[in-house]
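Reader: I am new to this structure and would like to go through it step by step. Could we begin with the terms and then move on to particular places?

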Amino acid sequence: MGLFFATLHTPILAAENNASNTSTSAPSVALTSIAQYEVPSDVPDSLPNHLVGDLGVAVYSSNMSIGAIGTQTYPLPYAFFDYGRFFARIDTFGFKTIKMGYGYLEVAGQVNLDNYNRKSTITGATFSKLDPVPLGLGSFQETPIGGFFMYAFQDVNRSQGQIYQLFYFAEFELPANIKIYPLLGAEYLTQPYANYYYGVSPKASQTLGYPQYTVPGTTNYVTGLMVEVPIVDDWYFNVFGKRKFMGSGISNSPIMANSYQDSLIASLVYRFK
């Protein structure tokens, strides 16, 4: 992944005043036309008219640290690109609307793999949760000091809870054109969302042997690192590791085996320019 976006540079128009032909009391028709052209109202800026970014294949692996410890692994497509108003950024995709700061107000959805199938460490009974379907609003702000990702999602699937995210990516270039992207961030899960995935209902308590537990709204903190290695021409290999430190509301749940969750994405991509 790279924080790379095509920028459409607006040409700077200049006009020379001819003192012998131009009145100082009123603008000429030519100057009026130029002023109108410099502030177009119907042409968005920074929106490439072709695909710009990475497409490829990836292997996603996660350890949810829930119940009997185990790793879930999935082969998935990989996408981090812009095409007009449409964007895809690994697990987040959507459409850009109005210009806002260094980015746009975005209508977005997220591929969230918080689903799991686990076994109770007490009774051995299997328990599972379905994928959330987060839909909402947010923005990616590509500033001079790094990229900020800010989103508010509503899970329209089982939990009916909300997810609020704020992440920061920096970029550093190493020898041999290798780039690294450190990540820092936080997410807040409202009570319905957190309790659906990490709580223990009275019925589940009887089946699984864990004591009943209701999870409150909880803030989790995230650190990560992405490494981008050029292979040949426009082919790249990326590795993105992330650790989520669960807040006490979740880490105190009896189904949790650890107070953190790890994920890893390894991808082979082609970069469109």
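Author: Helices and strands are DSSP runs, a helix having at least four residues and a strand at least two, and they are numbered from the N terminus. Please keep in mind that this is a predicted model.

Reader: With that in hand, how many helices and strands does the protein chain have?

Author: The protein chain has 273 residues, of which 40% count as buried. Its secondary structure comes to four helices and 15 strands.

Reader: Over which residues is the pLDDT below 50?

Author: The mean pLDDT of the protein chain is 85, and 83% of its residues reach 70 or more. One stretch falls below 50, although it has 49 contacts in the model beyond near neighbours in sequence. Where pLDDT is low, the predicted coordinates should not be read in detail. The stretch in question is residues 1-44.

Reader: Where is Ser120 found, and is Ser120 buried or exposed?

Author: Ser120 is found in the loop between strand 6 (116-119) and strand 7 (126-129). Leaving aside residues up to four places away in sequence, Ser120 touches Ala125, Phe127, Leu208 and Tyr210. Because buried means under 20% relative accessible area, and Ser120 has a relative accessible area of 5%, Ser120 is buried.

Reader: How many Å apart in space are Phe140 and Arg89, C-alpha to C-alpha?

Author: Phe140 has its place in strand 8 (residues 134-143) and is buried, with a relative accessible area of 5%. In sequence, Phe140 and Arg89 are 51 residues apart, while in space their C-alpha to C-alpha distance is 10.0 Å.

Reader: Which helix gives the most to the largest nonpolar core?

Author: In soluble globular proteins, nonpolar side chains tend to be buried together. The largest nonpolar core here has 41 residues, and those with the most contacts inside it are Ile66, Tyr198, Ile250 and Ile255. Ile255, for its part, touches residues including Ile66, Tyr116, Phe127, Tyr198 and Tyr210. With five residues, the helix that gives the most to this core is helix 2 (residues 191-198).

Reader: Which residues that line the largest pocket are the closest to its centre?

Author: About 950 Å³ of space lies in the largest pocket. The residues of its lining divide into 26 nonpolar, seven polar and eight charged. Of the 41 residues that line this pocket, the closest to its centre are Ile90, Asp91, Val111, Lys242 and Ile265.

Key. Residues are numbered from 1 along each chain as its sequence is written. This is a predicted model: local features need pLDDT of at least 70, side-chain atom pairs count only at pLDDT 80 or more; totals for chains, interfaces and linings use all residues. Side-chain values use heavy atoms; hydrogens and water are left out. A nonpolar core is a set of buried Ala, Val, Leu, Ile, Met, Phe, Trp, Tyr and Cys residues joined through side-chain atoms within 4.5 Å. Buried means under 20% relative accessible area, exposed over 50%, partly exposed in between (1.4 Å probe, protein chains only). Contact means heavy atoms within 4.5 Å. pLDDT is the predictor's confidence in each residue, from 0 to 100. On a 1 Å grid over the protein atoms alone, a cavity is a set of points where a 1.4 Å probe fits but cannot get out, and a pocket is an open set with protein on both sides within 12 Å along at least five of seven lines; lining residues have an atom within 4 Å of a point. Grid points are joined across faces, edges and corners, and a volume is the space filled by probe spheres set on the points. Ala, Val, Leu, Ile, Met, Phe, Trp, Tyr, Cys and Pro count as nonpolar, Asp, Glu, Lys and Arg as charged, and the others, Gly among them, as polar.
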